[in-house]
Amino acid sequence: MTRPVAAITLALRFFLAVIRSGVQTTFTILRPDPGMTPGFIDYEFEPMTEIGATLLGSLITLTPGTTTVDIDMEARRLLVHLLDTRGADSARAEIRSEFEKPIRVLFGTEQAA
């Protein structure tokens with residue numbers, strides 16, 4: 001994937017994630033599930049620059065229902081708050097496939113190659 005393609009792909013994926021998560025979050029607010037368990041998860045990311053990690057954390061925070069609380073560059077870890085941790089595994093998989101891959105093309109490190 002080239003850098004321009006990665007940038008366009010990331011923008012489109014982010015736009016779709018905001019819409020999808022916005023609808024899900026709206027339904028959660030209007031019809032709360034008593035089994036919902038808000039909480040924190042760790043997300044380990046592949047090697048990338050600080051700019052890449054900051055962009056990843058920002059995109060997560062701008063997506064409704066999720067917030068990046070901490071970025072640890074040494075451990076390559078994000079601390080993320082989810083509105084409902086029952087979907088933690090799918091949230092991790094979505095972040096990795098939808099956001100992290102194109103960000104690594106744009107802001108990967110020499111170690112990532």
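# A walk from the strands to helix α1

Start by selecting Asp-42 and Arg-77: these two form a salt bridge, with 2.7 Å between their closest N and O atoms. Asp-42 sits in strand β1 and Arg-77 in strand β3, so this pair ties together parts that lie 35 residues apart in sequence. Colour Asp-42 by accessibility and you will find it partly exposed, at 39% relative accessibility. Keep in mind throughout that you are looking at a predicted model.

**More charged pairs**

How many salt bridges does a search of the whole structure find? The search returns eight, and two further ones are worth a stop here.

Select Asp-33 and Arg-86 next. They form a salt bridge whose closest N and O atoms are 2.8 Å apart. Asp-33 belongs to the loop between α1 and β1 (39-44), while Arg-86 belongs to the loop between β3 (77-82) and α3, so the pair ties together parts 53 residues apart in sequence. Asp-33 has 37% relative accessibility and therefore counts as partly exposed, since that class runs between 20% and 50%. Now add Asp-84 to your selection: Asp-33, Asp-84 and Arg-86 are linked in a network of salt bridges.

Then move to helix α3 and pick Asp-89 and Arg-92. Here is another salt bridge, its closest N and O atoms 3.2 Å apart. Both residues lie in helix α3, three residues apart, which puts about one helical turn between them. An α-helix has 3.6 residues a turn, so residues three or four places apart point the same way. The two partners differ in class: Asp-89 counts as exposed at 61% relative accessibility, whereas Arg-92 is partly exposed at 28%.

**From α3 across to α1**

Stay with helix α3 and select Phe-99, then add Phe-14. The count of aromatic pairs comes to one. That pair is Phe-14 with Phe-99, tilted, with 6.2 Å from centre to centre and 55° between the planes. Phe-14 is in helix α1 and Phe-99 in helix α3, so the pair ties together parts 85 residues apart in sequence. Is Phe-99 buried or exposed? Phe-99 is buried, with a relative accessible area of 5%.

**Along helix α1**

Now show the whole of helix α1, residues 3-30. If you place a distance between its end C-alpha atoms, you should read 40 Å; at 1.5 Å a residue, the 28 residues of α1 should also span 40 Å, so the two agree.

Next, select the buried residues of this helix: Ala-6, Thr-9, Leu-10, Phe-14, Ala-17, Ser-21, Gly-22 and Thr-25. What do they pack against? Their partners are α2 (50-62) and α3 (88-107).

Zoom in on Thr-25 from that set. Thr-25 is buried, with a relative accessible area of 15%, which is under the 20% limit for that class. Leaving aside residues up to four places away in sequence, Thr-25 touches Pro-64, Gly-65 and Leu-83.

**Last stop: a nonpolar patch**

Finish by showing the surface and selecting Phe-15, Leu-16, Ile-19, Val-23 and Phe-27. Together they make a nonpolar surface patch of about 510 Å². Centre the view on Ile-19, which lies in helix α1. Ile-19 is partly exposed, with a relative accessible area of 44%; residues enter such a patch at over 30% relative accessible area, so Ile-19 clears that cut-off.

Methods. Residues are numbered from 1 along each chain as its sequence is written. This is a predicted model: local features need pLDDT of at least 70, side-chain atom pairs count only at pLDDT 80 or more; totals for chains, interfaces and linings use all residues. Side-chain values use heavy atoms; hydrogens and water are left out. Patches are made of residues with over 30% relative accessible area and no salt bridge: like charges are joined within 9 Å, nonpolar side chains (Val, Leu, Ile, Met, Phe, Trp, Tyr) within 5 Å. Accessible areas come from the Shrake-Rupley method with a 1.4 Å probe; for residues, only the protein chains shown count as cover. A salt bridge is a side-chain nitrogen of Lys or Arg within 4 Å of a carboxyl oxygen of Asp or Glu. Helices (H or I, at least four residues) and strands (E, at least two) are DSSP runs, numbered from the N terminus. Buried means under 20% relative accessible area, exposed over 50%, partly exposed in between (1.4 Å probe, protein chains only). The expected span of a helix is 1.5 Å times one less than its number of residues. Contact means heavy atoms within 4.5 Å. Rings of Phe, Tyr and Trp (its six-membered ring) pair if their centres lie within 6.5 Å; planes under 30 degrees apart count as stacked, over 60 as edge-to-face and the rest as tilted.
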